[in-house]
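Work through the exercises below with the structure open beside you. Try each task before you read its solution.

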Amino acid sequence: MPRRRFLAAATASVASGKALHRAMGAPSPSLAEMTARAPLFVSTWPFGKPANERALLTYQSGGGGLDAIEHGIQLTEADPGNSSVGLGGIPNADGVVQLDACIMSGPGHRAGAVAAVEGFRHPISIARRVMETTRHVFLVGEGAMEFARRNGFERGPKVSPGQRDAWAKWKAEEARKARARAEKNHDTIAMVALWPDGNLYGGCSTSGRGYKLPGRVGDSPIIGSGLYVDNEVGAAGATGIGENVMRFCGSFLVVEFMRQGLHPQEACIEAIRRIARLDPQGFDLSINFVAIDRTGRFGAAGTGTGFEYAVTTATSSRVYQSPGLTSAATGPVGGNQK
Ligand code: SD4
């Protein structure tokens, strides 16, 4: 959709949710059409695009929905240049990277999560193993690492050499500036997928906020905060400052708005509005959501100028700019596809 038309659509949504819905860049095929074609993958940030494409490849090679989510997110986790997901991530205040991840299956409403895991390359896979082989949903810290060790998960350095140097610098003199830089670095991968059979899946993985306190866990591995999948309705994932998402069960909220009939994009917008109403910081929070519903519609929204997210089907893979919400504007501003 041309940028102008989308901008107009986003603005019109203030007055009429339907206008936004109609004019969305998102294709809105029926479930039957979806079923006849291929899955839909929606992920946070531009690096979600190669992750989506990897997930699509898994589908094309005969893998299932959880395989696709896992393989897609593994690609991001393995990228040493990604400073906010996987072992290339910015460490905590002790110079150690602590990783958080979760995965969720619409069928069976199953979930698995790990937090504060050090030295393992693929927390998303550990989360899946927790879901599939234990009676639990969430393992943290030493217990999660012992579980990962016993299950033979791939190890890696507790911090990359580049990040160790950056941490040493942070520790030494540049504390304030580096922290400000790190706090701007909110690039978790949250991926949600609609499978051709109508089932929904999702995953989320992050190294969390840079230079966080050791033991700090954000929204990303928490079911309902960083990710939520409801097979009857849709799925949502979050990125941003976890403290601002987890106090509001952000992804759950987005799914509940979809349950009430909102288009995924409107649901993301409404969730941010709700949070901004309750939080003294209003829209000066860093919160971003992606969402899909079970009919194949998708959307996203973020505070400030919004954020970029990736959408992949069998026939197209692209990065979109989400609408942004600010206190100055009465409604969402911007939003265009790239
Ligand atoms: C966290 N929400 O740990 C994560 C960070 C993030 O995009 O999303 N970055 O707070």
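The exercises go from single residues to helices, strands and cores.

This is a predicted model, in which local features need pLDDT of at least 70 and side-chain atom pairs count only at pLDDT 80 or more, while totals for chains, interfaces and linings use all residues. Residues are numbered from 1 along each chain as its sequence is written, and side-chain values use heavy atoms, with hydrogens and water left out.

**Exercise 1. Place S43 and describe its surroundings.**

Step 1: find the element. S43 lies in strand β1, residues 40-44. Helices (H or I, at least four residues) and strands (E, at least two) are DSSP runs, numbered from the N terminus.

Step 2: check exposure. Buried means under 20% relative accessible area, exposed over 50%, and partly exposed in between (1.4 Å probe, protein chains only). S43 has a relative accessible area of 0%, so S43 is buried.

Step 3: look for a polar partner. The side chains of S43 and N52 form a polar contact of 2.6 Å. Such a contact is a pair of N or O atoms within 3.5 Å; within protein, one must be able to donate a hydrogen and the other to accept it, and residues adjacent in sequence count only if both atoms are side-chain atoms.

Step 4: list neighbours. Contact means heavy atoms within 4.5 Å. Leaving out residues up to four places away in sequence, S43 touches residues including G48, I189, M191, V290 and Y309.

**Exercise 2. Is N82 buried or exposed, and what does N82 touch?**

Step 1: locate N82. The residue sits in the loop between α5 and β2.

Step 2: apply the cut-off. N82 has 5% relative accessibility, so N82 counts as buried.

Step 3: name the contacts. Beyond residues up to four places away in sequence, N82 touches F47, T76, G88 and G89.

**Exercise 3. Test the length of helix α5, residues 65-77.**

Step 1: work out the expected span. The rule is 1.5 Å times one less than the number of residues. For the 13 residues of α5, that gives 18 Å.

Step 2: compare. The end C-alpha atoms of α5 are 18 Å apart, which agrees with the expected span.

Step 3: find the covered positions. Buried residues of α5 include L66, I69, I73 and T76. Two glutamates, E70 and E77, are also among them.

**Exercise 4. Why is helix α11, residues 250-259, described as largely enclosed?**

Step 1: count. Seven of the ten residues of α11 are buried, so the rest of the structure largely encloses this helix.

Step 2: name them. They are G250, S251, L253, V254, V255, F257 and M258.

Step 3: find the cover. It includes β7, β8, α10 (242-246), α12 and β9.

Step 4: look past the end. Just after α11, G261 takes a positive phi of about 110 degrees.

**Exercise 5. Trace the partners of strand β3, residues 110-117.**

Step 1: recall the rule. Two strands pair if DSSP finds at least two bridges between them.

Step 2: go to β2 (residues 99-105). Six bridges join β2 to β3, and the two run antiparallel. C102 has A113 as its bridge partner.

Step 3: inspect the hairpin. Four residues lie between β2 and β3, and G108 takes a positive phi near 85 degrees.

Step 4: go to β4 (residues 138-140). Three bridges join β3 to β4, which run parallel. A115 is bridged to V140.

**Exercise 6. Where does strand β9, residues 287-293, sit?**

Step 1: order the sheet. The five strands of an open sheet run β7-β8-β9-β10-β13, with mixed pairing. β7 (227-230) and β13 (324-325) are the edge strands, each pairing on one side only.

Step 2: count bridges. β8 (residues 234-240) joins β9 through seven antiparallel bridges. β9 and β10 (residues 298-303) are also antiparallel, over five bridges.

Step 3: sort the side chains. I287, F289, A291 and D293 point one way from β9, while N288, V290 and I292 point the other way; all are buried.

**Exercise 7. Which residues touch the most other members of the largest nonpolar core?**

Step 1: define the set. A nonpolar core joins buried Ala, Val, Leu, Ile, Met, Phe, Trp, Tyr and Cys residues through side-chain atoms within 4.5 Å.

Step 2: answer. In this core of 48 residues, they are V42, V254, F289, I292, F298 and Y309. Helix α12 (residues 264-278) gives the largest share, seven residues.

Step 3: look elsewhere. A second, separate core has 30 residues, including F41, I126, L139 and A148.
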